[in-house]
Amino acid sequence: MPLYDLDRAALETYLPDLGEPADFDAFWADTLAETRAVDLGLAMTRVDLGLTLVDVFDVEFAGFAGHPIKAWLTRPAGGATDRLLPAVVEYNGYGGGRGLPHERLGWAAAGYVSLFMDTRGQGSRWGSGGDTPDPVGSGPATPGFMTRGILDPADHYYRRVFTDAVRAVEAVRAVEGVDPARVSVTGASQGGGIALAAAGLVPDLLAVMPDVPFGCHFRRAVDLSDREPYTEITTYLSVHRAHAAAAFRTLSYLDGVSFARRATAPGLFSVALMDPICPPSTVYAAYNHYGAIAGGVEKEIEVYPFNEHEGGGGHQFARQLPWLAARAGGAPTSTRLVVAAR
């Protein structure tokens, strides 16, 4: 995919006005209040997978409307330690599920408690599967998740997912041995968009690490991208021609840029300038607006000029490790050695 979006200088100053709904904050405050009226119901079951260096737990907690959400929790082996550990909550890409716990060991190997959230209703498109149903139906929609409840923000699929994401943070904070003041969120693509939602809805995170985030600046993304899942929206609107205004009104309550504006934690983004799925200008829209309401929020963006939606891949994780360790109060000895050797 060649360069197709704004040039680099224009991207770095791109600050679109999204016409954010006036009741955005009230909408989300009410949503979270309704969900928090239900007990978190955190349940953890130890799983023996023969992984001697990490402990693994099958986790369930109450998400949106009390719906049960699954997750994997991995942590350095040994149970209780002499100090509380920082934690990382990770969200998954579009269509994937929580998979198998041995597939996500990086954060636990680096000394963190890691909670990998299953995305409700997903997990059957790639990867090793998911285990969390979405018990809520919707009106007419295209295949996929983007247009489920597209005519009313109260009905939309991502209202439920973003609420689940906040509850995942609350769940890991309730785990014995976790330092609730040192919880970070991360994810790539859809997972990056969910991480931005958490950043805007949870005011006291340690750090936010969205990679090539999806779900930002919906109007421009739909205009530019000819790839799924944004084309689910264009397909729907090509049939339901009179629904465009209602659809984009709904999406305005779910836009990653609006959540980014409300973020208060340090942020480390990544963007790929040849990304046909998440156009670079949509990522920069979120990055340039990040922390705007609070002001003075620390942020950085790692740019991959010749990559598509794979972004930095393992290189970005290597970038995240020392960056997060510096904010979490230090890294394990092995991480320090890697950094020193560079």
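This passage describes the packing of helix 2 against helix 4 and the aromatic pairs that involve helix 4. The model is predicted, so that local features require pLDDT of at least 70 and side-chain atom pairs pLDDT 80 or more, whereas totals for chains, interfaces and linings use all residues. Residues are numbered from 1 along each chain as its sequence is written, and side-chain values use heavy atoms, without hydrogens and water.

Helix 2 (residues 24–36) packs against helix 4 (residues 157–173) at an angle of about 60°, and the axes are 11 Å apart. The two helices are therefore oblique to each other (angles under 35 degrees count as roughly parallel, over 145 as roughly antiparallel, 65 to 115 as roughly perpendicular and the rest as oblique). Their crossing is right-handed. Contact (heavy atoms within 4.5 Å) involves, among others, Phe27 and Trp28 of helix 2 and Tyr158 and Phe162 of helix 4. The contact residues comprise 6 nonpolar, 3 polar and 5 charged.

Across the whole structure, 18 aromatic pairs are found (ring centres within 6.5 Å; planes under 30 degrees apart are stacked, over 60 edge-to-face and the rest tilted). The rings of Tyr158 and Phe162 form a tilted pair, with centres 5.5 Å apart and planes at 35°. Tyr158 and Phe162 are 4 residues apart in helix 4, about one helical turn. Phe162 is buried at 5% relative accessibility (buried means under 20% relative accessible area, exposed over 50%, partly exposed in between, with a 1.4 Å probe and protein chains only). Phe162 also pairs edge-to-face with Phe259, at 5.5 Å centre to centre and 85° between the planes. Because Phe259 lies in helix 9 (residues 256–261), this pair ties together parts 97 residues apart in sequence. Phe259 is buried, with a relative accessible area of 0%.

Note on methods:
Axes are lines fitted to C-alpha atoms, for helices over the stretch in contact, and angles run from 0 to 180 degrees between N-to-C directions. A crossing is left-handed if the near helix is turned anticlockwise from the far one by less than a right angle, and right-handed if clockwise. Ala, Val, Leu, Ile, Met, Phe, Trp, Tyr, Cys and Pro count as nonpolar, Asp, Glu, Lys and Arg as charged, and the others, Gly among them, as polar. Rings of Phe, Tyr and Trp (its six-membered ring) pair if their centres lie within 6.5 Å; planes under 30 degrees apart count as stacked, over 60 as edge-to-face and the rest as tilted.
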